[in-house]
Amino acid sequence: MKRNILALFLALAGLCACYKAPQPDEVPQDSLYVGTVSVDYDGGVYDNPDTQVACIPSADGKTADIVIYKIKFVPRMPIRIDVTIPGVKVTSLQDGLQLSCHDVTPLAMGGEYPKYQVYNLQGSVIGNKLSLSLLFGEYPTRFSGTR
């Protein structure tokens with residue numbers, strides 16, 4: 001029995017390590033936005049213009065995954081990565097959608113990225129515009145873009 005539990009645990013850990021964000025060409029065009037991600041860092045603001053962000057709704061429309069593609073959050077970051085914020089709550093508004101989550105672990109580079117836990121994500125999709133504000137760990141981050 002212990003062997004079976006260990007094997008199951010190792011298989012699940014392997015699946016988690018294989019996580020890969022869907023690429024922009026795999027995402028429906030009405031879910032993809034281009035704009036600027038701004039991060040408050042070291043007393044200034046670090047902008048990432050022309051960044052692609054996807055808002056991919058779940059099948060039931062109650063949640064969405066937010067995927068930020070090829071982001072370099074701070075100047076000292078050596079590579080660009082894709083980051084997914086899973087399970088963002090979606091609420092219908094009269095003129096669009098409201099997005100929110102208060103404490104979720106983002107996914108990046110093959111698994112969870114708890115060092116930069118997402119807090120207080122607030123956003124909206126109105127018309128062809130997506131806007132978000134959140135904390136990645138202690139770093140205030142914003143996005144504003146259009147389809």
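Q: Let's start with the strands. Which residue in E4 is the bridge partner of Thr63?
A: That's Lys89. Keep in mind that this is a predicted model.

Q: How many bridges are there between E3 and E4, and in what sense do they pair?
A: There are 6 bridges, and the pairing of E3 with E4 is antiparallel.

Q: OK, and what joins E4 to E5?
A: A hairpin does, through 2 residues. The two strands run antiparallel with 5 bridges between them, E5 being residues 96-104.

Q: Which residue stands opposite Thr91 there?
A: Gln98, in E5.

Q: How many bridges join E4 to E6?
A: 2 bridges, and E4 and E6 run antiparallel. One pair to look at is Val83 with its bridge partner Ala108 in E6.

Q: Switching to pockets. How much space lies in the largest pocket?
A: About 290 Å³.

Q: Which elements give two or more residues to its lining?
A: Strand E1 (32-41), E4 and strand E10 (139-146).

Q: And which residues lie nearest the centre of that pocket?
A: Phe73, Val74, Met77, Tyr113 and Tyr116, out of a lining of 15 residues.

Q: What does the lining look like by class?
A: It has 14 nonpolar residues and 1 polar one, with no charged residues.

Q: I see tyrosines around. How many aromatic pairs does the structure hold?
A: 4 aromatic pairs. One of them is Tyr41 with Tyr139, a tilted pair at 6.0 Å centre to centre, with 45° between the planes.

Q: Where in the chain are those two?
A: Tyr41 is in strand E1 and Tyr139 is in strand E10, 98 residues apart, so the pair links distant parts of the chain.

Q: Is Tyr41 buried or exposed?
A: Tyr41 counts as buried because its relative accessibility is 15%. Tyr139 is at 25%, so Tyr139 counts as partly exposed.

Q: Which residues do ring pairs link into a cluster?
A: Tyr41, Tyr113, Tyr116 and Tyr139. Tyr113 and Tyr116 came up a moment ago among the residues nearest the centre of the largest pocket.

Q: Now Pro75. Where is that one found?
A: In the loop between strand E3 (63-71) and strand E4 (81-93).

Q: What does Pro75 touch, not counting residues up to four places away in sequence?
A: Tyr41 and Tyr46. Tyr46 is 29 residues from Pro75 along the chain, and their C-alpha atoms are separated by 7.4 Å.

Q: Why does Pro75 count as partly exposed?
A: Because its relative accessibility is 45%, and partly exposed runs between the 20% and 50% cut-offs.

Q: Last topic, backbone angles. What is phi of Met109 near?
A: It's near 50°, a positive value in a residue other than glycine. Most residues other than glycine have a negative phi.

Q: Where is the place of Met109?
A: Met109 is in the loop between strand E6 (107-108) and strand E7 (111-112). With a relative accessibility of 55%, Met109 counts as exposed.

Q: And what about phi of Asn120?
A: Asn120 also has a positive value, near 55°, and is a residue other than glycine.

Q: Which element is Asn120 in?
A: Strand E8, residues 118-126. Asn120 counts as partly exposed, at 45% relative accessibility.

Technical notes:
Residues are numbered from 1 along each chain as its sequence is written. This is a predicted model: local features need pLDDT of at least 70, side-chain atom pairs count only at pLDDT 80 or more; totals for chains, interfaces and linings use all residues. Side-chain values use heavy atoms; hydrogens and water are left out. Helices (H or I, at least four residues) and strands (E, at least two) are DSSP runs, numbered from the N terminus. Buried means under 20% relative accessible area, exposed over 50%, partly exposed in between (1.4 Å probe, protein chains only). Contact means heavy atoms within 4.5 Å. On a 1 Å grid over the protein atoms alone, a cavity is a set of points where a 1.4 Å probe fits but cannot get out, and a pocket is an open set with protein on both sides within 12 Å along at least five of seven lines; lining residues have an atom within 4 Å of a point. Grid points are joined across faces, edges and corners, and a volume is the space filled by probe spheres set on the points. Ala, Val, Leu, Ile, Met, Phe, Trp, Tyr, Cys and Pro count as nonpolar, Asp, Glu, Lys and Arg as charged, and the others, Gly among them, as polar. Two strands pair if DSSP finds at least two bridges between them. Rings of Phe, Tyr and Trp (its six-membered ring) pair if their centres lie within 6.5 Å; planes under 30 degrees apart count as stacked, over 60 as edge-to-face and the rest as tilted.
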